[in-house]
Amino acid sequence: MVKVLLLNPPVRHLPGEARHASPPLGLAYIGASLEAQQIPVRIIDAVTLGYDVKHDYAPDVTGIGATPEMISDAVRDFAPDLIGISCLFTMSSCIAYSFAQHFRQLCPQAKIVFGGTHATVMARDLVREAFCDFVVRGEGERAMIQLAESLDGRRAMSDVNGLTWLNSDQEVVDNPQLFIEDIDSLPRPARHLLDMESYIKIGRMQGGAYSQKARATTLITSRGCPAKCVFCAIHSVWGRKFRGHSPEYVLAELEDLKKTYGITHLLFEDDNLTYDPVRSTHIFQGMIEARMDFTWDTPNGVALWRLDEPLIRLMKAAGCNRLFIAIESGVQDTLFKLVRKPLRLDQAEALIAVCRSLRLPTTAFFVIGFPGETVAAITESLAYAERLPTNTVAIMIATPYPGTPLYDQCVKMGYLVKDFDVNRLYTRVGQISTPDFTPELLFRLITRTQVRRAWRFPLSTGGRLFRKCVEDPRALITFLGRRFLTPLRKPRS
Ligand code: B12
Ligand code: SF4
């Protein structure tokens with residue numbers, strides 16, 4: 001029987017970027033599916049192993065986590081036949097590749113397969129690399145079982161869902177990629193294959209600033225989103241059809257998180273937690289009826305266009321203690337025409353008022369710097385962000401990830417910056433330059449907005465920081481340096 005090792009590689013770490021460590025849910029789902037077929041599987045999370053150490057993985061590439069050498073013994077001892085490497089983030093992909101190169105030397109008999117958002121988009125290039133045998137495009141649960149069967153001689157390679165591989169003529173073959181229709185048929189993520197205490201102890205999952213003190217963990221209850229926001233990279237893996245776990249499946253997972261790991265705070269990583277209001281109503285009602293007593297938030301942002309007042313009230317009653325909401329632009333025309341998000345600003349404002357009346361803290365996400373956005377429109381959007389009565393706003397720069405309409409548009413129009421660098425595709429590093437704006441201008445505008453907003457809302461997080469900076473100018477220099485200026489530098493970190 002084929003033995004499978006799954007690796008969550010370290011993430012690239014840019015100056016000023018907050019560190020994170022959250023359970024690699026995708027690998028835990030794959031692990032559970034392999035275990036259900038009695039296929040021996042092990043997960044190594046290189047992020048948490050060596051979390052406190054920064055390493056140079058390649059020239060100009062600093063990341064947090066273990067080096068390939070640090071996990072060599074564990075890999076050699078397990079002697080895997082198939083090594084699966086998760087490669088979600090474009091900006092961290094070179095670290096994933098460096099691990100594969102190391103494994104190639106360490107266990108030359110093992111096949112190496114990549115999966116995840118970035119690998120899915122780059123599949124045809126990746127399989128031509130010496131360190132990569134296969135890429136699974138899209139969801140990995142079924143495909144990894146099929147690939148293991150194929151390596152055991154029980155299935156044709158052409159019959160592995162979403163597999164990209166080289167045939168005997170060295171031609172790249174893309175097997176059809178089918179989505180898993182009934183995601184309740186998947187076993188719950190095998191968190192027992194992870195060191196769950198390490199994430200809880202580190203306490204820096206996405207949105208970690210709000211969950212550090214609790215025993216927190218992440219979960220994802222749905223896949224796919226029908227919207228077409230130009231910067232979004234999820235569709236290559238999840239598709240456009242919304243597929244949700246049933247309330248029963250979710251509530252059973254929540255019970256398990258409480259009983260097995262003593263979790264008290266949840267981070268729903270869904271792209272669209274409330275897309276199906278009936279499903280989400282049952283989930284939240286179920287949490288209340290079972291007196292689960294979690295606090296929870298939505299660090300990945302909820303879609304306001306699928307929310308209404310009764311649902312927000314129910315969310316609050318079910319323990320929601322902060323809503324992260326994706327507004328993106330304060331200019332309706334930009335939202336509809338450039339971002340292509342189906343959100344009406346008047347609807348957003350009404351729902352934010354509901355949150356305020358319920359004393360439910362909110363953080364709004366904004367993105368500026370879309371091709372076609374004029375300086376006047378950007379300034380108007382930022383003025384909106386400055387006034388918006390949410391507790392905080394996070395303003396990001398539009399980032400062209402390969403596989404997104406935004407990337408294709410920038411390539412077509414010649415809008416990628418001259419020193420475009422996939423290793424720096426981070427939402428605080430501008431990589432788009434148009435006749436209207438440069439990354440430097442966007443930075444200046446964002447900084448100005450945050451300072452003005454802090455002045456306008458002195459009791460907000462930004463406002464408190466602002467007062468601290470006024471009292472001690474060194475704090476201001478550190479803050480501005482960390483948050484805004486360092487990402488502009490070339491990345492010798
Ligand atoms: C949670 C999350 C994070 C978390 C942690 C993720 C983790 N450790 O798993 C944190 C906070 C670290 C994070 C950070 C960032 N993120 Co993020 N994140 C997500 C999010 C919302 C959910 C990921 C998740 O858990 N999915 C659930 C599991 C079940 O799915 P999965 O991991 O994709 O795994 C499935 C498949 O991909 C595949 N698969 C995955 N690995 C493997 C391995 C093998 C061998 C195989 C066969 C298959 C396979 O099978 C799995 C099961 O079906 C996704 C959006 C999304 N819906 O996926 C964005 C997403 C992955 N993030 C994204 C981005 C842009 C970022 C940042 C760059 C943002 C920024 N600040 O600039 C940073 C990167 C930081 C860095 N230094 O590299 C983009 C990726 C785009 C890209 N090409 O880079 C996404 C797609 C969001 C989007 N809307 O576009 N993120
Ligand atoms: S609503 Fe969210 S998940 Fe859906 S396409 Fe837009 S950014 Fe992506």
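**Exercise 1.** Which element gives the largest share of the shell around ligand 1? Work it out on this predicted model, then decide where ligand 1 lies relative to the two domains.

*Solution.*
- Step 1: Start with the nearest neighbours. The shell around ligand 1 has 44 residues, and G26, G84, G115, G140 and A233 come nearest.
- Step 2: Sort by element. Those giving two or more residues are β2 (11-12), α1 (25-36), β6 (82-86), β7 (111-115), α4 (117-121), α6 (141-151) and α8 (235-238). The largest share, 5 residues, comes from α1.
- Step 3: Sort by class. You should find 24 nonpolar, 15 polar and 5 charged residues around ligand 1.
- Step 4: Bring in the domains. Because domain 1 (4-166) and domain 2 (202-484) both give residues to this shell, ligand 1 lies between them.

**Exercise 2.** List the residues that surround ligand 2 and divide them by class.

*Solution.*
- Step 1: Ligand 2 is surrounded by C225, A227, C229, C232, I234, D271, N272, A303, A326 and K341.
- Step 2: This shell splits into 7 nonpolar, 1 polar and 2 charged residues.

**Exercise 3.** Find the largest nonpolar core and follow one of its best-connected members.

*Solution.*
- Step 1: The largest core counts 127 residues, and V4, I85, V135, M144, L147 and I368 have the most contacts inside it.
- Step 2: Domain 1 (4-166) and domain 2 (202-484) each supply at least three residues to this core.
- Step 3: Another core, of 5 residues, lies apart from it and includes L14, L425, Y426 and V429.
- Step 4: Now zoom in on I368. Leaving out residues up to four places away in sequence, I368 touches E373, I378, S381, L382, I395, I397, A398 and L442.

Notes. Residues numbered from 1 in each chain as written. Chains lettered and ligands numbered in written order. Predicted model: local features only at pLDDT ≥ 70, side-chain atom pairs only at ≥ 80, totals over all residues. Near = placed C-beta within 6 Å. Nonpolar A, V, L, I, M, F, W, Y, C, P; charged D, E, K, R; others polar. Core = buried A, V, L, I, M, F, W, Y, C linked by C-beta atoms within 7 Å. Buried ≥ 20, exposed ≤ 12 C-beta atoms within 10 Å, placed from the backbone. Domains from an automatic or database assignment. Contact = placed C-beta atoms within 7 Å. Helix = DSSP H or I, 4+ residues; strand = E, 2+ residues; numbered from the N terminus.
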